[in-house]
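Thanks for coming. I will go through one helix, its neighbour, and the pocket beside them.

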Amino acid sequence: ARKSNRRSVERSAPRLARERHRTAPLRLERSALALRRPRLYACSVSRLAELEVLVVDCQATAAGARGQLLELGWARVGRASAAPTARLIRLPAGERVPPGVVRVTGITDRLLAEAAVAPTAAWAELRATAAALPRQPAPAVAHFARFERPFLDRLAGGATALELVCA
């Protein structure tokens, strides 16, 4: 009798967990949430959803200083959204796209030889798009900003004029 009792308890535990999950409160009242929200900034801060921003993405041969930029892509998002722009970047002489990067990105040495532009040309286009945003420095969003920032800073010749946020 003891074993069967134990089995029924084991079988009912997942069911009880599911029932608790379904009956748990799903939301807090707005006023209660506002009272619990910590103040992070001393000045007023715009919500990202309310801004016109650049979404930026880089493809490279490797991360950080040892990598070379292969592609720079961006799109203006917000009230005045625009079609995305992408530029393949010419590699320095003697550099090749590693086989692992070709498998992940589809960017080959042949593709770069046919369609790549100078890094300065791609940066000038991105900078012009950023300058057209109403807020300066231009707010920009990148999926993994820690990866993107070194390449953008290198293109800018120092610290980039983008206010980069990691998404």
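The buried residues of α6 are Ala145, Phe147, Glu148, Phe151, Leu152 and Leu155. Keep in mind that this is a predicted model. Looking down the axis of α6, the buried residues sit within an arc of 145 degrees, so they line one face of the helix. The general background is that an α-helix has 3.6 residues a turn, so residues three or four places apart point the same way.

What covers that buried set? The cover of the buried residues of α6 includes β1 (53–60), β2 (69–77), α5, β4 (138–142) and β5 (162–166).

On length, α6 has 12 residues, and at 1.5 Å a residue they should span 16 Å; the end C-alpha atoms are 15 Å apart, which agrees. Just after α6 comes Gly157, with a positive phi of about 75 degrees.

Now α5. Its 13 residues should span 18 Å at 1.5 Å a residue, and the end C-alpha atoms are 18 Å apart, which agrees. Buried in α5 are Ala122, Trp123, Leu126 and Ala130. Seen down the axis of α5, these fall within an arc of 95 degrees, so they too line one face of their helix. On the other side of α5, Thr120 and Ala131 are exposed. The cover over the buried residues of α5 includes β1, β2, β3 (85–88), β4, α6 and β5.

Next, the pocket. This is the second largest one, with a volume of about 170 Å³. Which helices each supply at least two residues of its lining? They are α5 (119–131) and α6 (145–156). The most comes from α6, with three residues. Lining residues include Phe151, Arg154 and Leu155, along with Pro119 and Thr120. Of these, Phe151 and Leu155 are also among the buried residues of α6, while Thr120 is one of the exposed residues of α5.

The rest of the lining is Gln68, Leu69, Ile89, Arg90, Leu91 and Pro92. By type, the lining divides into seven nonpolar, two polar and two charged residues.

One last residue, Gln68, from that lining. Where is Gln68 placed? It is in the loop between β1 and β2. Is Gln68 buried or exposed? Its relative accessible area is 19%, and buried means under 20%, so Gln68 counts as buried. Leaving out residues up to four places away in sequence, Gln68 touches Gln59, Ala60, Thr61, Ala62, Leu91, Pro92, Glu95, Phe151 and Arg154. Among those contacts, Leu91, Pro92, Phe151 and Arg154 also line the pocket.

Methods:
Residues numbered from 1 in each chain as written. Predicted model: local features only at pLDDT ≥ 70, side-chain atom pairs only at ≥ 80, totals over all residues. Heavy atoms only, no water. 1 Å grid on protein atoms, 1.4 Å probe; cavity = no way out; pocket = protein on both sides within 12 Å on 5 of 7 lines; lining within 4 Å. Points joined across faces, edges and corners; volume = space filled by probe spheres on them. Helix = DSSP H or I, 4+ residues; strand = E, 2+ residues; numbered from the N terminus. Nonpolar A, V, L, I, M, F, W, Y, C, P; charged D, E, K, R; others polar. Expected span 1.5 Å × (residues − 1). Buried < 20%, exposed > 50% of the residue type's maximum accessible area, 1.4 Å probe, protein only. Arc of directions from axis to C-beta. Contact = heavy atoms within 4.5 Å.
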